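Visitor: I'm new here, and I'd like someone to walk me through what I'm looking at. Could we take it one question at a time?

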Amino acid sequence: TSMQINHQDAVSGTTLGDGIDVNVSNSAQLLDPSSINNNTVSGNTGHGIQVSLNDNGAINNLTIDGNSSTGNGGNGIGFLTSGTPTLGNLSISNSTDISGNGGNGIQVQINNVAGVPSITVDNNTVQNNAGLGITVDGADMCGPHSIEWGRTRHKVIFIILLLFLLL
């Protein structure tokens, strides 16, 4: 199944939990093209935008582009894996305002991922969040992979922790 969440301004104010929450679990697959684009997410008690890839789930190609995530209780934009899922390409880019969130601005945490993941975090405006600006954490990634970032403005802290598991 592919997914598109575009131009959703209705996820602001009093949403208990995350504004946009996508959970790919068990043997579910999120196929091409999948996107979360051009949304304004604000004032939620949890994360603004949260994507979880768990168990043996798979995401081939996910683009999170052009979003605004402000004043949420958790991270502005989050991507988290657990279990042994498969990840192809993840791109988080062109977000115009990731600010005032209770956690990190953008958090990518990759654990025990199979496949050859390519992760891009590029051209985002991140500022004044309670946690780090941008954090990308990759542990136990199997096989070759790439992580790219750039052109992020304002007081952004990059923490990259990569632990390579050689097969």
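## A first look around

Guide: Happy to. Keep in mind that this is a predicted model. Let's start with one residue, S99, which sits in strand β12 (residues 97-99).

Visitor: Is S99 buried or exposed?

Guide: Buried means under 20% relative accessible area. S99 comes in at 14% relative accessibility, so S99 counts as buried.

Visitor: And which residues is S99 in contact with, leaving aside its neighbours within four places in sequence?

Guide: Contact here means heavy atoms within 4.5 Å. With those neighbours set aside, the partners of S99 are S69, T70, G71, Q127, N128 and N129.

Visitor: Let's zoom out. How many helices and strands are there in the protein chain?

Guide: Follow the chain and you'll meet strands, but no helix. The count is 0 helices and 18 strands.

Visitor: What share of the residues of the protein chain count as buried?

Guide: The same cut-off applies, under 20% relative accessible area. The chain has 167 residues, and the buried share is 49%.

Visitor: Which residues have the most contacts inside the largest nonpolar core?

Guide: That core has 29 residues. Elements giving two or more residues to the core include β8 (58-65), β11 (86-93) and β13 (106-111). The residues with the most contacts inside the core are I36, I59, F79, L90, I106 and V108.

Visitor: Take L90, then. What does L90 touch, not counting residues up to four places away in sequence?

Guide: L90 is one of the core residues just named. Beyond its sequence neighbours, L90 touches L62, I64, F79, V108, S118, I119 and T120.

How values were computed:
Residues numbered from 1 in each chain as written. Predicted model: local features only at pLDDT ≥ 70, side-chain atom pairs only at ≥ 80, totals over all residues. Heavy atoms only, no water. Helix = DSSP H or I, 4+ residues; strand = E, 2+ residues; numbered from the N terminus. Buried < 20%, exposed > 50% of the residue type's maximum accessible area, 1.4 Å probe, protein only. Core = buried A, V, L, I, M, F, W, Y, C linked by side-chain atoms within 4.5 Å.
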